[in-house]
Amino acid sequence: MTGLVILVVVLLAVVAVLVVVLLRNRKPAAPAPAGPQDPFRDAGEDVLRGDPRKLKAGDLVEIRGTTYTVRGTLHYTEQSWGWAEHLLDDSTGGRKVWLSVEEDPDLELSLWHEVPSATVTPGPATIDFDGRRYSKDESGKAKFASSGTTGLAATGTAKYADYESSDGALLSFESYAGPGEADKWEVGRGETLLRSEVRVWAQGG
C-alpha cells in the first residue's frame, strides 16, 4: 500500500513537471493581420488641402475655384502675437487679392479686396460704408517683414484698425507711413473663408 502511494506521488510530480515545461515552451499566438488603414484618417485637412500657414512666394492657392499665385508675403508681429498676409495674383485676369492667415487660437482665413476709391478713415466706434455699418473690433501697431513682391520695404511698421459688420463682413485699414508722416490709410473689404474653400499647392510639389 505504501509503495502504491509513493508511485502515485511520483506520477503526480512527473505530470506537474511536464505541465510546467509545456507552459514555458508554448509560443504566443500570432496576432491577426491588421486590416487596411486610411493614411489620412487622423491627418486633418492640412494634408488633404495643404497648409496655409506655410505659404510662400511661388505657391499656388485655389480659393472658391479660382487659382492664384502667391506673389509675396507680409509677416506681422505685435508683442507675442503674429499673423501673415499673402498677396495673390490671378494670372488669367490680373486680379490681385490678399489672403490673411491667423491663429487666434484656431486657424482663421480671410480674403481681402483693396478699395482704393474709399474715403472713410478709422477712428470712430462705428463706420457706415457701402450700405453696411461696421463696428470697431481691434487696432494697433505691428512690425512687419516682407518677402517676395509686396510693394513694401523689407521691414517696417504698420498701423491697423479692423472693423466688422453684424453680418460678418470685414473692413480693414492699414497705414505704412514713416515716422513724422501723416497716415495714408489703405482700405480693404474682407470676408471670412471656410477651411474647405482654400487649397494649397506648394512650389515644387
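**Salt bridges in a predicted model**

Reader: Which residue forms a salt bridge with Glu-191?
Author: In this predicted model, local features need pLDDT of at least 70 and side-chain atom pairs 80 or more, while totals for chains, interfaces and linings use all residues. Residues are numbered from 1 along each chain as its sequence is written, and side-chain values use heavy atoms, without hydrogens or water. In the salt bridge (Lys or Arg side-chain nitrogen within 4 Å of an Asp or Glu carboxyl oxygen), the closest N and O atoms are 2.8 Å apart, and the partner of Glu-191 is Arg-64.

Reader: How many residues apart in sequence are the parts that Glu-191 and Arg-64 tie together?
Author: Arg-64 sits in the loop between E1 and E2, and Glu-191 in strand E10 (strands are DSSP E runs of at least two residues, helices H or I runs of at least four, both numbered from the N terminus). The pair therefore ties together parts whose separation in residues is 127.

Reader: Is Asp-51 buried or exposed?
Author: The side chain of Asp-51 meets that of Arg-53 in a salt bridge with an N to O distance of 2.9 Å. Arg-53, at 35% relative accessibility, is partly exposed (buried is under 20%, exposed over 50%, partly exposed in between; 1.4 Å probe, protein chains only). With a relative accessible area of 18%, Asp-51 is buried.

Reader: Which residues do salt bridges with shared partners join into one network?
Author: Arg-53 also forms a salt bridge with Glu-103, with 2.9 Å between the closest N and O atoms. Arg-53 lies in the loop between helix H2 (45-49) and strand E1 (60-63), and Glu-103 lies in strand E4, 50 residues apart. The network joins Asp-51, Arg-53 and Glu-103.
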